[in-house]
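Student: I would like a close look at a single residue of this protein and at its surroundings. Please set it against the fold as a whole.

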Amino acid sequence: QAPTKFDGHYVGELTLTGIASGDCTKPPVGAEYPLTIAGGQVSFKYVPRFDTTLRGRIDANGGFKAGASTKHGLVTMTGQVTGYRNLTADIVSPSCRYRFQSKN
């Protein structure tokens with residue numbers, strides 16, 4: 001895949017924003033989570049609930065959707081890169097909702 005202007009390593013924090021059902025893990029204060037964009041491919045290791053990696057593609061405007069199937073259902077991450085290395089995304093699983101915000 002050809003490199004994109006959004007390629008790079010992003011580090012951010014997760015915030016628990018909603019509970020649909022079950023036990024949702026609140027991320028520890030100050031915990032940092034890496035997200036990588038390489039060759040237009042988004043990769044994010046989703047650790048709080050399921051130990052899986054969400055994968056997807058980023059578009060020319062910096063929008064992306066990544067996902068993975070788990071034994072509990074589909075987990076999706078929908079986000080946007082704006083400005084210099086500013087990335088926000090919402091993660092939705094069958095049980096929990098999180099917000100990812102990069103730290104510049």
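Tutor: What follows goes from the overall fold to one residue, Leu35, and its contacts. The model is a predicted one. Its secondary structure consists of 8 strands and 0 helices, so the order of elements from the N terminus reads β-β-β-β-β-β-β-β. The radius of gyration is 13 Å, close to the 13 Å that the globule rule gives for 104 residues, so the protein is as compact as a globular protein of that length. Along the principal axes, the C-alpha atoms occupy a box of roughly 40 × 30 × 20 Å. Of the 104 residues, 41% are buried. Among contacts with a separation of 6 or more, 44% join residues 24 or more positions apart. The accessible surface is about 5,700 Å², and carbon and sulfur atoms account for 51% of that area.

Now to the residue itself. Leu35 lies in strand E2, which spans residues 33–38. Its relative accessible area is 0%, so Leu35 counts as buried, the cut-off being under 20%. Neighbours within four places in sequence aside, Leu35 touches Gly8, His9 and Tyr10, then Val42, Ser43 and Phe44, and further along the chain Phe64, Met77, Leu87 and Phe100. Tyr46 is 11 residues from Leu35 in sequence, and the two C-alpha atoms are 9.6 Å apart in space. In short, Leu35 is a buried residue of strand E2, with contacts that include Gly8 and Phe100.

Definitions and conventions:
Residues numbered from 1 in each chain as written. Predicted model: local features only at pLDDT ≥ 70, side-chain atom pairs only at ≥ 80, totals over all residues. Heavy atoms only, no water. Helix = DSSP H or I, 4+ residues; strand = E, 2+ residues; numbered from the N terminus. Rg over C-alpha atoms; globule rule 2.2 N^0.38 Å. Buried < 20%, exposed > 50% of the residue type's maximum accessible area, 1.4 Å probe, protein only. Contact = heavy atoms within 4.5 Å. Areas by Shrake-Rupley, 256 points an atom, 1.4 Å probe, with all protein chains shown as cover.
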